[in-house]
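Here are my notes on this entry, set out as numbered points. They cover two sheets and one helix.

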Amino acid sequence: MKKQSLSGPWELALIDKNSTQNEQYDHGITLPATLASVPSLPVEPQVSAGRLTQTRPFVGKALYRKECFLERAETAVITLERTRNSRLWFDDTEVGSCDSLSSPHRYVLGRISEGMHSIAIMVTNDSYAIPGGHLTSDDTQGNWNGILGEVSITSGDCLLLDETIIPDAEKHTLRFSARILGKCSFAAFSVDNSPEQVFLPAEGKIDAAVALDERLSLWDEFSPSLHTLSCRTDRDVFFYRFGLRSLSHSGRRLMINGQEAFLRGKHEALVFPNHDGLPMDTATWETYLRTVASYGFNHIRCHTCCPPEAAFECADDLGLYMEPELPFWGTIKGPEDEGYDEKANDFLFREGLRILTEYGRHPSFVMFSLGNELWGNKKVLSKMLSEYKKRFPHILYTAGSNNFQFMPDILPEEDMFVGVRLGRERLFRGSYAMCDSPQGIVQTTEPESVSDYDRAIVPANGLSAGEEEGRSVMIQYGTGVKTVSAEKGRQIVPKIPVVAHEVGQYAFYPDFDEIELYTGTLKPFNLALLAENVKKAGLWADRKRFFESAGRLAVDCYRRELETLHRTGELSGFQLLDLQDYPGQGTALVGILNALMINKGLISPEEWRRFCSDTVILAGFERFVFYSGEAPSFSLRLSRYGKRNVTHTVRCRLIRDQEALFETSVIIPASETRLSAPISIPCPPVFTDRACRIVMEAKLEDGTTQEWPLWFFPRRSIQITPDGIRSEFGFLPFYKQTGGASSSRSVIIPDAEGQLPCEYSSDFWSYRMFSAISRSMGKPEPVGTMGLCVDPADPLLEGFPADVYTTPVWYPILSCAHARQITDGKAPVQMIDNPERCLRLGVLYRQDGFVCLTSRLWEKSTAPAVNGLAWSLSRAILG
């Protein structure tokens, strides 16, 4: 067998017909590449405000031609590792076509003679059988035209195609099957140099059940052991890497190799802005996946896409659990449904088989999904799942990610349920778009660390009777909306593992210094347009403060989200959206890394792993803000996947100004489940004569540490009414407008009517996208703010323990406040607006010599932080 690379110079023609005849090859290209890399093509960017812009866009037919010398061979195969719809001609004779978006295109040539030969390949990046999801979206890698990865011709007397490797860790066998091209009289298999086992081909195929040594090590995230299978034929030896692992579930508990597992996943859309198309090499994927793993993730859910071979190889080595997904986001229809498209359904089924055949031998390939947020015919989905499970039983399957949205269902063939709710009110995610309301606990409740989603998944008092009637439902669909026909909904309690879908989506303010880092053909004109918005609004000088303040709040929101998921014993994992920014769909800056996988400087991998790792310390505080003299008692437990059968000692310390106020050690016994039982930790009262921040620290014997900030306020004699604040400094009156105030020794509380309400958490995903969707659906628009930007050094806050961003002390204050448009750029407390709308918004500011506060403090007068702010204002204004 001989493999000859076809990489290098090719002739290029842009055409409008399905023929290779009489074409003028006016351009050249060096494959592998996309047309965006061809300098002779015109630069004609169609600038988008909501995504990156391809500077050399092309949609249509491109013809690639090459002449090369080939040796004589009995059979030969041309491989195009990743491309679009393709047709291939060899010596002007058409060989065939292929429409896979996810797997290599392989063309069988048969016998070839020695000498010069011509190869012509037509690649078309339109007229797809289905839209293509994130594989072809301009919101991700772009709808490129080209050929990426391996471009080669393999020749020999005997070649193997469609090799399938299915190990069975429980039966200690490995099933190998392949199609034979050429002559092959036997196939002898060996695993890690074990004695050969010989099988005879039949009807042009090899189908072998290879016995495995029972002592072969298993593969998982903690020990990603790999083995080598060799297949010796008459004249060649073929080598394959594989791993042994067992996937199952015990009720709602996901089991890997018989041990409970917890998926700490992230979303993957194959966004690599500085690469031509997407990377196909192991070096880039290893760097990328090692970065992902450094933040504690063990799982990657590929949104309507499938990564290339190099990604699976690196995931095998690193012990990452991969979930490819069919490139489909839409409605599945059957023959009985209006609008049924037989070609589309046929493509989806074949594409699934191609993905499973090509990549299913990788132990990292643990789950497979039929698409994203699917609606439609459940019988078609069930039939697809049944066929896949019959042919590839070593992989877990879900009918899709967040299928049927408001009316979720679980099909009998599913091994896992991936979604965000089990009914309109049974939510198990912390944040939702306004058009997808009700919203989650991170968006709507005071910060705490005791909540979980167990009762949403398994209701304590059973389910309400009846079904939701079938009806037409308007839903978000990509960056737009569509109306779907929903079947009757039914109340369900899953009996299979549940994974939370696309959790997080907390927005960060842009870091405009990032713009100059884009060196590829995808340009961040969307970020540049946002920068112009900020400049025109007069906010440019505040951009770095806004970036830090909004970013630190978003990080806190992510921490609360992930800790809640870790506290949920009925969950088997989550899929974050996202570790890095998503540069499309309105420009969704939702990552602690930018779209180039560069850390934004807001949280380190070590700090992130404190709440995203195989071992997470969980302290249960019902609140984080107290009065002096209160005891901050809490509960302690561990989420420990992989180490649950070990007894741990946790050292807890309550620290103020480097001094330990309280210290104790707690034994966490071994347990049969991931989540240990909570242990109550009684704390002594904390007394203070000044408002202060105290830290509760918990540390395991191996150094794993977590901290929870707590705030304490002195009990002072303060009365807060709609008329004003009465304190030791006198009476500080409230007025609705400056004209009614008799003195600047007062506070203006402007009317809230028609103003934006203050929200504690950051905006969801992208204001540009979801404000438009809400308007289209006739639903309330998102508030769209991104938390506070605070000047803790301002005299008005001298007695208040403020940081530069939103912390739990602000929750009761913001819950009865609005954000008012102001001109004071030095306001001590601003509400950061999204960079699309770009308003300067104030909560505590000065105007015409008066102090203005938009919070109606009397509505939360008993809250410690409200008392603390009232005292601080009174001292600054009256004292």
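1. A residue counts as buried when its relative accessible area is under 20%, and as exposed when that area is over 50%. The model is predicted, and the burial statements below should be read with that in mind.

2. Helix 12 covers residues 864-878. Of its 15 residues, 13 are buried, so the helix is largely enclosed by the rest of the structure.

3. The length of helix 12 can be checked against its residue count. The expected span is 1.5 Å times one less than the number of residues. For the 15 residues of helix 12 this should give 21 Å, and the end C-alpha atoms are 21 Å apart, which agrees.

4. One open sheet has three strands in the order 36-38-41, with antiparallel pairing. Its edges are strand 36 (615-620) and strand 41 (679-681), each of which pairs on one side only. From one strand to the next, the twist averages 30 degrees.

5. Strand 38 spans residues 634-640 and runs antiparallel to strand 36, to which six bridges join it. Two of the pairings can be named: Leu 618 has Arg 637 of strand 38 as its bridge partner, and Ala 619 stands opposite Leu 636 in strand 38.

6. With strand 41, strand 38 forms three bridges, again in the antiparallel sense. Leu 636 takes part here too, standing opposite Ile 679 in strand 41. Leu 636 therefore faces Ala 619 as well as Ile 679, and such pairing of strands in a sheet goes through backbone hydrogen bonds.

7. How many of the seven residues of strand 38 are buried? Six are, so strand 38 is largely enclosed by the rest of the structure.

8. A second open sheet of three strands follows the order 20-21-22, and its pairing is antiparallel. Strand 20 (247-250) and strand 22 (259-260) are the edge strands, each pairing on one side only.

9. Within this second sheet, strand 20 pairs with strand 21 (residues 253-256) over four bridges, in the antiparallel sense. One of the pairings sets His 249 against Leu 254, its bridge partner in strand 21.

Note on methods: Residues numbered from 1 in each chain as written. Predicted model: local features only at pLDDT ≥ 70, side-chain atom pairs only at ≥ 80, totals over all residues. Heavy atoms only, no water. Pairing = 2+ DSSP bridges. Axes fitted to C-alpha atoms, helices over the stretch in contact; angles between N-to-C directions. Buried < 20%, exposed > 50% of the residue type's maximum accessible area, 1.4 Å probe, protein only.
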